[in-house]
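This report describes the fold, the core and the principal pocket of one protein chain. Please consult the sequence and the structure alongside the text.

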Amino acid sequence: MISSDDLRKLALSLPEAEEQDHFGKPSFRVRGKIFATHWVEQEGAVLKLSLEEQDSLVQAQPDVFSVTPWGHQGWTRVELRRVDRALLEELLVGAWRRVAPKRVVAQWDAGASADAGKPAAPPEAPPRPRRRRRAP
């Protein structure tokens, strides 16, 4: 089970993510664009997924995922009591990527790549010693 605190920590761990009220419910945004809302009392969340993701998840796990009235835009309800934590993390990152500016996503990807064990840039070569000039 994913708790309210877990969802909040996951969402706010993404670059530039902020929490703001959205019609009495917490929403998570990046530069003013919502990527998730938290339905605290219903123990659910609504994420902005791709239509393909939405369709496959709703068909595969209808007890966990359902289409909202804004489903034509990818908004999908998630039952926090039933969703797998790793899957929720993946979907939350995907929702964030969908609304975050490309430059912010690229910076985050570059940082994630470095953390994933990619070799870092080679260190700069030490400066070459200066040659002495001959006296005339």
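Which residues have the most contacts inside the largest nonpolar core?

## Nonpolar core

In this predicted model, the residues with the most contacts inside the largest nonpolar core are F35, L47 and L88, and the core itself comprises 29 residues. Two or more residues are given to this core by each of α1 (4-12), β2 (25-30), β3, β4 (44-48), α3 (85-99) and α4 (102-115). Among these contributors, α3 gives the most, with seven residues. In soluble globular proteins, nonpolar side chains tend to be buried together.

Across the chain of 136 residues, 35% are buried. Strand β2 is mostly covered, with five of its six residues buried.

## Overall fold

The chain contains four helices and six strands. Along the sequence, these elements follow the pattern α-β-β-β-β-α-β-β-α-α.

The six strands form an open sheet with antiparallel pairing, in the order β1-β2-β3-β4-β6-β5. Strands β1 (17-22) and β5 (65-67) stand at the edges; each has a single partner strand, so one side of each is left without a neighbour in the sheet. On average, neighbouring strands of this sheet are turned by 30° against each other, with direction ignored.

## Strand pairing and hairpins

At one edge of the sheet, β1 pairs with β2 in the antiparallel sense over six bridges. Within this pair, E19 stands opposite F28 in β2. The two strands form a hairpin with two residues between them, and F23 in the turn has a positive phi of about 55°.

Strand β2 also pairs with β3, in the antiparallel sense and over four bridges. Here R29 has I34 in β3 as its bridge partner. The hairpin of β2 and β3 likewise has two residues between the strands, and R31 takes a positive phi near 50°. In a regular strand the side chains alternate between the two faces of the sheet.

At the other edge, three bridges join β5 to β6 (residues 75-79), and the two strands run antiparallel. Residue S66 stands opposite R77 in β6.

## Largest pocket

What is the volume of the largest pocket? The computed value is about 270 Å³. Its lining consists of H22, F23, K25, I34, T37, W39, V46, W70, Q73 and W75. By class, six of the lining residues are nonpolar, three are polar and one is charged.

Strand β3 (residues 33-39) supplies the largest share of this lining, with three residues. Two of the lining residues also appear in the pairing described above: F23 lines the pocket and lies in the turn between β1 and β2, while I34 lines the pocket and is the bridge partner of R29.

## Residue D55

Is D55 buried or partly exposed? Residue D55 is located in helix α2 (residues 51-60). Its relative accessibility is 43%, and D55 therefore counts as partly exposed; the partly exposed class lies between the limits of under 20% for buried and over 50% for exposed.

The C-alpha atoms of D55 and T76 are separated by 9.5 Å, and the two residues are 21 residues apart along the chain.

Notes: Residues are numbered from 1 along each chain as its sequence is written. This is a predicted model: local features need pLDDT of at least 70, side-chain atom pairs count only at pLDDT 80 or more; totals for chains, interfaces and linings use all residues. Side-chain values use heavy atoms; hydrogens and water are left out. On a 1 Å grid over the protein atoms alone, a cavity is a set of points where a 1.4 Å probe fits but cannot get out, and a pocket is an open set with protein on both sides within 12 Å along at least five of seven lines; lining residues have an atom within 4 Å of a point. Grid points are joined across faces, edges and corners, and a volume is the space filled by probe spheres set on the points. Ala, Val, Leu, Ile, Met, Phe, Trp, Tyr, Cys and Pro count as nonpolar, Asp, Glu, Lys and Arg as charged, and the others, Gly among them, as polar. A nonpolar core is a set of buried Ala, Val, Leu, Ile, Met, Phe, Trp, Tyr and Cys residues joined through side-chain atoms within 4.5 Å. Buried means under 20% relative accessible area, exposed over 50%, partly exposed in between (1.4 Å probe, protein chains only). Two strands pair if DSSP finds at least two bridges between them. Axes are lines fitted to C-alpha atoms, for helices over the stretch in contact, and angles run from 0 to 180 degrees between N-to-C directions.
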